[in-house]
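Student: Could we go through this structure together, with attention to how each term is defined?

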Amino acid sequence: MTVKQKVLQLLLNADSQYFSGEQIAQELGVTRASVWKSVKALEKDGFHIDAISNKGYAILDISDVLSEVGIKKQLNYEDVFSFEIYDTVESTNKLMREKVSSTQGLVIAAKEQTSGIGRMQRHFYSPKNTGIYFSLLLKPTIEASETIFITTMAAVAVCKAIQNCTDKKPEIKWVNDIFIDGKKVCGILTQGSFSMENNKIEHVILGIGLNVYTPKIGFDESIKDIADSILNEQKYEFKNELLANILNEFWAMYENMDIEQIQKLYKSYSFVIGKNVSVHAGDNEYMAKVLDINESCNLIVQDENGEIHTLNSGEISIKL
Ligand code: BTN
């Protein structure tokens, strides 16, 4: 751990209590000058730190900055996950592609993405400090056809985590969008590679983007009517709490891979069943009613001619 991380850990554990530079230096066995330098660096990272002479330093309760120390405070599986946290990247999924030889459990998170990638080659709007943008590297022993369950598990984990950390009621729009009160707050993009030889997955990059706060300048024109944020006002250490909860909830399911249970949970959060939707499959577009989500998490719809279609997430998108 760097001195900066140690200072952060001490201040986060202090619950707004003040520590003098001298006390921190003694506690950590470092110089006062390096404590001061660390505090300045933490302020640059976005932490609101109160510095009062004769009293010392404390992190103000409006601080909400993504940090490894903050995530680990709430993480149940410290030995599973490793972290790389960046201020700005093009895309965490893209960066992860360069690191797929790393051990399963690597999390690359960023405070901002300049070219966030969404499904269907769309752009994922990822402005600075208002969201959580991260990718998780997985090496599951599953067949290619089963990767859908990684996405569905992730969607369930996000919903459970939002419920653990807020009083909101998240819902899943098939296959991988999370909505609150009819607006999208999170998108999931699962990418991977599989071996043609044995039809097994080599690695999966699970990318999750969450709108935590509404950006000061608002959402991008292209999404402003359909997107929303999870919170209306700044909450102390919320991003770290939410990210740790997502990882905890995801890993608890991933370890067991109880497909039947995952499908049940997925269905319980889904709000498309019974709804009329517009289905886009390649150049083809038609209106249909959603009848069910089957055991493979396919969407079962009935078109206007009464014909039943089983939709696979890879090929289509739906509009409510
Ligand atoms: C979608 O809504 O179409 C999926 C969006 C997925 C966005 C996340 S943000 C972290 C990761 N990195 C990316 O470039 N994309 C995913």
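Student: How many cavities of 30 Å³ or more does the structure hold?

Tutor: The structure holds one cavity of 30 Å³ or more. Before we go on, note that this is a predicted model, in which local features need pLDDT of at least 70 and side-chain atom pairs count only at pLDDT 80 or more, while totals for chains, interfaces and linings use all residues. Residues are numbered from 1 along each chain as its sequence is written, and side-chain values use heavy atoms, with hydrogens and water left out.

Student: What makes a space a cavity and not a pocket?

Tutor: On a 1 Å grid over the protein atoms alone, a cavity is a set of points where a 1.4 Å probe fits but cannot get out, whereas a pocket is an open set with protein on both sides within 12 Å along at least five of seven lines. The largest cavity contains about 40 Å³ of space, where a volume is the space filled by probe spheres set on the points, joined across faces, edges and corners.

Student: Why are Asp64 and Lys239 called lining residues of the largest cavity?

Tutor: A lining residue has an atom within 4 Å of a grid point. Asp64 and Lys239 are among the residues that line the largest cavity, so each of them has such an atom.

Student: Where does the ligand sit?

Tutor: The ligand takes up the space of the largest pocket, and a molecule sits in a pocket if more than half of its atoms lie within 2 Å of the pocket's grid points. This largest pocket has a volume of about 970 Å³. Of the 42 residues that line the largest pocket, the closest to its centre include Arg122 and Asp177.

Student: What makes the pair formed by the ligand and the side chain of Ser91 a polar contact?

Tutor: A polar contact is a pair of N or O atoms within 3.5 Å. An oxygen atom of the ligand is 2.7 Å from an N or O atom in the side chain of Ser91, so this pair is a polar contact. By the same cut-off, a nitrogen atom of the ligand, 2.9 Å from an N or O atom in the side chain of Gln113, also makes one.

Student: Which strand gives the most residues to the shell around the ligand?

Tutor: That is β8, with four residues; strands are DSSP runs of E, at least two residues long.

Methods: Polar contact = N/O pair within 3.5 Å; in protein donor to acceptor, adjacent residues only side chain to side chain.
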